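Dear colleague,

Please find the structure below, followed by an account of what was found in it. I would be grateful if you could keep the structure open while you read.

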Amino acid sequence: MFDNAKQTICAMNRYFQSHALDMAGKMIRVTRYYRWQEGASFDREYYNKQHMELTRDQLLPHGLMRLESDRMLSSRSPVPGEIIAESHAYFKSLEQAQAAMAAVGQILLGNASKYTNLQPEIRLSAVTAHI
């Protein structure tokens, strides 16, 4: 079920290794998000408590600086394709983020089946603060 997410991590690592980026002064954010599909399930309580605790514990030894989770708010039921939840892990450098995902990415992806049958999508970004 999570083969696409594994392929995404590998593709991102190959891309960043092959492109010289000026990352001076930037923080790296790894975002994992979930798009709603008909018939899907998502246990928000498990996600916010057990999974985020596991994520924190696994990533802290690899340079994690901050960890956030978002629940999207809406006055209606989710529609297919709509993002319903996200998590954000922040690191000092691209190298730290890559090393962390290589070290524990499979553990975190494996735990996802305990709270959802949705396939996570993963993105990396360089964050610049403006305030």
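**Helix α3 and its surroundings**

Helix α3 bends by about 60° at V104. Please bear in mind that this is a predicted model.

Several residues of α3 are buried, including L94, A97, M101, V104 and L108. As a general rule, residues three or four places apart on an α-helix point the same way, because such a helix has 3.6 residues a turn.

**The sheet**

Four strands make up an open, antiparallel sheet, and their order is β2-β3-β1-β4. Its edges are β2 (66-71) and β4 (121-127), each of which pairs on one side only. From one strand to the next, the twist averages 20°. Helix α3, which covers residues 94-112, packs on this sheet and touches β1 (27-35), β3 and β4. The direction of α3 makes about 25° with that of β1.

Strand β3 (residues 83-91) is joined to β2 by 6 bridges in the antiparallel sense. Within β3, A85 stands opposite R71.

**The nonpolar cores**

Which element gives the most to the largest nonpolar core? It is α3, with 7 residues. This core has 15 residues in total, and V30, L59, A89, F91, A97 and L124 have the most contacts inside it. Two or more residues come from each of β1, β3, α3 and β4. Leaving aside residues up to four places away in sequence, L59 touches L64, A89, F91, A100, V104 and L108.

Another core lies apart from the largest one; it has 12 residues, among them F42, Y47, I84 and L118.

Yours sincerely

Note on methods. Residues are numbered from 1 along each chain as its sequence is written. This is a predicted model: local features need pLDDT of at least 70, side-chain atom pairs count only at pLDDT 80 or more; totals for chains, interfaces and linings use all residues. Side-chain values use heavy atoms; hydrogens and water are left out. Two strands pair if DSSP finds at least two bridges between them. Axes are lines fitted to C-alpha atoms, for helices over the stretch in contact, and angles run from 0 to 180 degrees between N-to-C directions. Contact means heavy atoms within 4.5 Å. The bend at a residue is the angle between axes fitted to the seven residues ending there and the seven starting there. Buried means under 20% relative accessible area, exposed over 50%, partly exposed in between (1.4 Å probe, protein chains only). A nonpolar core is a set of buried Ala, Val, Leu, Ile, Met, Phe, Trp, Tyr and Cys residues joined through side-chain atoms within 4.5 Å.
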